[in-house]
Each structure stands twice: as C-alpha cells, then as structure tokens.
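These notebook entries record what I looked up in one structure. I began with single residues and then turned to salt bridges and empty space.

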Amino acid sequence: MSLLDVADLSTEFVTRERALRAVDGLSFEVQPKQTVAMLGESGCGKSVTALSILRLLREPPARIGGSIRFEGRELLALPKREMQDLRGNEISMIFQEPMTSLNPVLTIGRQIAETISLHQRTSRSEALKRAAEMLQLVGIPDPTQRLGEYPHQFSGGMRQRVMIAIALSCNPKLLVADEPTTALDVTIQAQVLDLIRDLKERMGSAIILITHDLGVVAEMAERVVVMYAGRKAEEARVDEVFNTPRHPYTRALLGSVPRLRSTGDAGPRGRLAELPGVVPSLSTRIEGCAFADRCSFATALCREVAPAMETTASGHQYACHHSEEVLAAS
C-alpha cells in the first residue's frame, strides 16, 4: 500500500469575483521511504499541493477537492483535531523561508520543544533534552547552549537546519520539503541536501521534495512529478525524465539548464531554450492542453481536447497528444 495516495486533487481560491484554480486534477503516489520530487516553475501549484496535503490552507477562501489518503486514511475527511495530531507528528514540513517560519521572539529550544511536547506528550525537561539531541543531529555545535538563543542569532543555513530539526523531531513517516535550499549559497545548499538525505536514511522517512532546480532533482529524487499550470504534465523515474522526456514542457525545462564546456570544445556555444508566451491565468478554465499556446508541437487538437494521461509499462506517465514526436526530438 502507498504511504500517500493523492487522487484528482483540485484546489481553488474562491473570491467574490472569481475562482482561481491553483491545482487541477493532480494524482500521484508516494511509497514508504521514497523521495518524490515535484518539479516546475514558480506558480505551477507545487507549494499549494503541499499545503493542501497538510490542510494548512484556510477554507474558505480555499476549496479542496479530490482525495488525499495517508496510510489508507482520508485526510480531507479527518476531524480538525485528528489532523492537528497527525500534522507535525506523522507528516512534517520544512517551509521555504526559515526566517519567516520561526518565531523571532521565542528561543530555538522552546520552538523545537513545543513540537515534541505537543505530539509526544513529554515533560518540558524531556522535550528540551530531545531538542538538544535534534540540534546535534542536524550538525549545530554546542546544541545545549544554542537552545537559549533566538533565530536572528543563527545564519541562514543554521536556521534551515533548525527547521529540519523541528520537522524531524517526532520521526515523521512523510517529510514535505518546500524549496529547502532557496536563498542559500551553493556550499550551504549541498550541506543541507546531504543532511536531509542522511536523516532520511537514518529515520526511514519518505520525502516530497518541492523544487524548480533540476540539479537537486537529479541528486535527491527517485521519481519526479512535473507540473505546469496546476496540472501534472509528466511523472516517471528520474532517469526516464532526464533521458526520455515525453512532454514538451519537460523537454523545455531540460533545455533551459546551462551546460559547462571544456576549453577544448569547438563550435559555437548553444543557446539556452526559451519558452514564448506566458503561463495561462488561473482564473481561466482551460479546455485543452494548458501548455498548448507555448508549445512548438501543438495542433488544433491540443487546444480543443485535454490529453489523457498515458502510462508505459515502466510506469512513465505523460499527458501529450504528440509524445512520440517529443520523444524523437529529444
């Protein structure tokens, strides 16, 4: 049985004037101890998907439909109290910007200990002891002393480590990491990714890794879900997505990555791929393929009929009327 099974998820934000559909019919699974990356440009619905899974969106104005099953339990039907017990305990999240996620007027120790006390029903002293252990686990020196310090006394990389410590303090079965290396320099990014990978192996957690960085996907993930305009465009193992993309959007993402050349290489430098046009408005109901207006393979069929999700024998999924042409051109 899948650890997490998301089926036909739709998330809208309803206002007096209109409804904005941020996620449109998304389906995917996460197996125990598996790392699944959600890939796509900003605004494609990755973070909204994560917040929908944890039910962290205020309803209304948000309206969530479809099914989200965690270990067979339907999360959208759980009472609020049960969802609060599950969130942070069995499913945890590392948020994108630690400085805005951490409370600036509470010590680091108190913020970690509160999570442990709430979900593990431990005493304050036991929670603080566990908090110090978690800081040590994520590589923060002098953990006992630093429990009494505040977020502004930590560097960006250290604050991200604190967020990881909070997320993992209750040994969750599923960790959702939303752009965990955003705004960090390259060296610190590598350290944070190594830390997440190491802790995953130690604790046996599954991970949903939200990113727009193809390098992070290649290094961390086993399977990739590519999103565009709130819809799933493609899903496959990492090697299949990189070597045999079947959706033109995935192909365009791969073509946008700069490649280093050796000094002995001859010939002109290749141009990075660019996509004409803009992402369709979330308030507009798209009848055909959401990518059609920006796609060089698009035909009248693409603009009129949304492509069905096809699946190969290896489990490679894609929604494109012209996948064979895309594959041949890659």
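**Entry 1: Gln111**

How far does the backbone nitrogen of Asn103 lie from a polar atom of the side chain of Gln111? I found a separation of 2.8 Å between the backbone nitrogen of Asn103 and that side-chain atom of Gln111. I note at the outset that the model is predicted.

I then placed Gln111 in the fold: the residue belongs to helix H4, which covers residues 108-120. Is Gln111 buried or exposed? Its relative accessible area is 10%, and Gln111 is therefore buried, since buried means under 20%.

Next I listed what Gln111 touches, leaving out residues up to four places away in sequence: Leu102, Asn103, Leu106, Pro151 and Ile166. Asn103 thus appears among the residues touched and also supplies the backbone nitrogen noted above. I looked up one more distance, from Gln111 to Leu147, which is 36 residues apart from it along the chain. The C-alpha atoms of these two residues are separated by 9.2 Å.

**Entry 2: Lys232**

My second residue was Lys232, which lies in strand E10 (residues 231-237). Its relative accessibility is 9%, so Lys232 counts as buried.

Which side chains make polar contacts with the side chain of Lys232? One is the side chain of Glu235, at 2.8 Å. Another is the side chain of Gln317, at 2.7 Å.

I also recorded the contacts of Lys232 apart from its neighbours within four places in sequence. They are Leu26, Ser27, Val225, Val226, Met309, Gln317 and Ala319.

**Entry 3: salt bridges**

How many salt bridges does a search of the whole structure find? The search gives 24 salt bridges. I examined several of them in turn.

In the pair Glu133 and Arg130, the closest N and O atoms are 4.0 Å apart. Both residues sit in helix H5 (residues 124-137), with their positions 3 residues apart, about one turn of the helix. Glu133 has a relative accessible area of 39% and is partly exposed. Arg130 is partly exposed as well, with a value of 23%.

The side chains of Glu219 and Arg197 also meet in a salt bridge, at 3.2 Å from N to O. Why can this pair be said to tie parts of the chain together? Glu219 lies in helix H9 (residues 214-220) and Arg197 in helix H8 (residues 186-203), so the bridge ties together parts that are 22 residues apart in sequence. I checked exposure here too: Glu219 is partly exposed, at 40% relative accessible area, and Arg197 counts as partly exposed at 28%.

A further salt bridge links Arg237 and Asp239, whose closest N and O atoms are 3.1 Å apart. Arg237 counts as partly exposed at 34% relative accessibility, and Asp239 counts as partly exposed at 37%.

Which residues are joined into one network by salt bridges that share partners? I recorded Glu12, Arg21, Asp24, Arg63, Arg231 and Arg285.

**Entry 4: the largest pocket**

I turned next to empty space. Rolling a probe the size of a water molecule over the atoms shows where such space is left.

The largest pocket has a volume of about 520 Å³. Its lining is made up of 21 residues, and those nearest its centre are Gly88, Phe95, Thr115, His119 and Ile166. Strand E6 (91-94), H4 and helix H7 (156-168) are the elements that give two or more residues to this lining.

Which element gives the largest share of the lining? H4 does, with 5 residues; this is the helix in which I had found Gln111. By class, the lining has 11 nonpolar, 8 polar and 2 charged residues.

**Entry 5: the cavity**

How many cavities of 30 Å³ or more are counted? The count comes to 1. The largest cavity holds about 70 Å³ of space. It is lined by 13 residues, and the closest to its centre are Cys289, Cys295, Cys302, Cys320 and His321. I sorted the lining of the largest cavity by class and recorded 10 nonpolar residues, 3 polar residues and no charged ones.

Methods: Residues are numbered from 1 along each chain as its sequence is written. This is a predicted model: local features need pLDDT of at least 70, side-chain atom pairs count only at pLDDT 80 or more; totals for chains, interfaces and linings use all residues. Side-chain values use heavy atoms; hydrogens and water are left out. Helices (H or I, at least four residues) and strands (E, at least two) are DSSP runs, numbered from the N terminus. Buried means under 20% relative accessible area, exposed over 50%, partly exposed in between (1.4 Å probe, protein chains only). Contact means heavy atoms within 4.5 Å. A polar contact is a pair of N or O atoms within 3.5 Å; within protein, one must be able to donate a hydrogen and the other to accept it, and residues adjacent in sequence count only if both atoms are side-chain atoms. On a 1 Å grid over the protein atoms alone, a cavity is a set of points where a 1.4 Å probe fits but cannot get out, and a pocket is an open set with protein on both sides within 12 Å along at least five of seven lines; lining residues have an atom within 4 Å of a point. Grid points are joined across faces, edges and corners, and a volume is the space filled by probe spheres set on the points. Ala, Val, Leu, Ile, Met, Phe, Trp, Tyr, Cys and Pro count as nonpolar, Asp, Glu, Lys and Arg as charged, and the others, Gly among them, as polar.
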